[in-house]
Amino acid sequence: MIANYSKNLFLCLISLLSIGYYHGQISSIELISDRSYSINDPFSTYFIDEIGNTYIVNKDQIKKLNFQGKNIQQSAKKWQQVSAIKPVNALKIALFSESQQSLCFLDNTLTEYGQCLVLNELGYYNITAVETSKRPDLIWLYDEINSSLILFNYFRQIEVQRVDNLSGINSLVAPLSIHETNYGLWIFSGQDRVFLMDDYLNLLQTLYCPFENALPYEKGFFYVHKEVLSYYDVLTGGSTAINISTEGAVDEIYISGNQLFIRQGSKIKVFIIKHS
């Protein structure tokens, strides 16, 4: 059972840089328990797409599960050392391998879509994180050694935007995850820093907030800290959040539409996100 409660949040400190401070009513987020299911097969990589399908990598084979956790597809080809699976659209996903420095695309039947991109051949040797863009044919690449953030057109195979020395500018530290939404580009760095940038890579907000997992949703983000799942609204200044007890460690969180997926081991709990 998940309990909802509100309290003032003093652990998160926000710095508003290039936008004005926003005064308004703080968003109230409610999670309604919808369903749960278990993943029976062992897996090394796990992912939820934008329509609620689950993808797992098991012994170099990708399996696709429906919203109830039933196996509906598996790849004929073996994919070694998949580090991350990212959505491109409802009909296509991207596979990233950090060890092989490769980026491959699969259609909704888990069939290879075109040729894989070997990032080394394109001049990228230290990519540690990727994220698909809301704009067609674009993907974000993060070069950890050079602390560079690159917006790359994988169809034309050219750079669109690039910012170097982010570790010096914004104090980025590993581990790092990137997420692009309609509100901008979110970067979750280390386990206590959140950066929000616009489409031109101008820094809008910096937030210092401890977390173990974090994921943007609308004009804020969900984050897990000390087994508590919270929602933080950055536009209101972040003085109050809705906290949800998760009753145990949370391994991963995913958002698909208005659904929040919480993974604890092989158990997946699904909640409907409601504004109250």
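1. Two strands count as paired if DSSP finds at least two bridges between them. In this predicted model, strand E6 and strand E7 (residues 71-74) are joined by three bridges and run antiparallel. One position to look at is Lys64, which stands opposite Gln73 in E7.

2. The link from E6 to E7 is a hairpin with five residues between the two strands. In that turn, Gly69 has a positive phi of about 85°.

3. On its other pairing, E6 meets strand E5 (residues 54-58) through five bridges, again antiparallel. Here Gln61 of E6 is the bridge partner of Asn58. E5 and E6 also form a hairpin, with two residues between them. Lys59 lies in this turn and has a positive phi of about 55°.

4. Is E6 mostly covered or mostly open? Strand E6 (residues 61-65) is mostly covered, since five of its five residues are buried. In a regular strand, side chains alternate between the two faces of the sheet. In E6, Gln61, Lys63 and Leu65 point one way, while Ile62 and Lys64 point the other way. The residues on both sides are buried, and a student should note that the two lysines, Lys63 and Lys64, are included in this.

5. Where is Ser147 found? Ser147 sits in the loop between strand E13 (138-143) and strand E14 (148-153). Its relative accessibility is 3%, so Ser147 counts as buried; the cut-off for that label is under 20%. Leaving out residues up to four places away in sequence, Ser147 touches Tyr142, Val163, Asp164, Asn165, Leu166 and Ser167.

6. The next point concerns empty space. Rolling a probe the size of a water molecule over the atoms shows where such space is left. The second largest pocket holds about 210 Å³ of space. Its lining includes Lys92, Phe105, Asp137 and Gln157, and also the run Tyr113, Gly114, Gln115, Cys116 and Leu117. Tyr154 and Phe155 belong to the lining as well. Sorted by class, the lining has six nonpolar, three polar and two charged residues.

7. Last, the protein as a whole. It has one helix and 26 strands. Of its 276 residues, 51% are buried. The protein exposes about 13000 Å², and carbon and sulfur atoms supply 49% of that area. Among contacts with a separation of 6 or more, 44% are between residues 24 or more positions apart.

Terms used. Residues are numbered from 1 along each chain as its sequence is written. This is a predicted model: local features need pLDDT of at least 70, side-chain atom pairs count only at pLDDT 80 or more; totals for chains, interfaces and linings use all residues. Side-chain values use heavy atoms; hydrogens and water are left out. On a 1 Å grid over the protein atoms alone, a cavity is a set of points where a 1.4 Å probe fits but cannot get out, and a pocket is an open set with protein on both sides within 12 Å along at least five of seven lines; lining residues have an atom within 4 Å of a point. Grid points are joined across faces, edges and corners, and a volume is the space filled by probe spheres set on the points. Ala, Val, Leu, Ile, Met, Phe, Trp, Tyr, Cys and Pro count as nonpolar, Asp, Glu, Lys and Arg as charged, and the others, Gly among them, as polar. Helices (H or I, at least four residues) and strands (E, at least two) are DSSP runs, numbered from the N terminus. Buried means under 20% relative accessible area, exposed over 50%, partly exposed in between (1.4 Å probe, protein chains only). Contact means heavy atoms within 4.5 Å. Accessible areas come from the Shrake-Rupley method with a 1.4 Å probe; for residues, only the protein chains shown count as cover.
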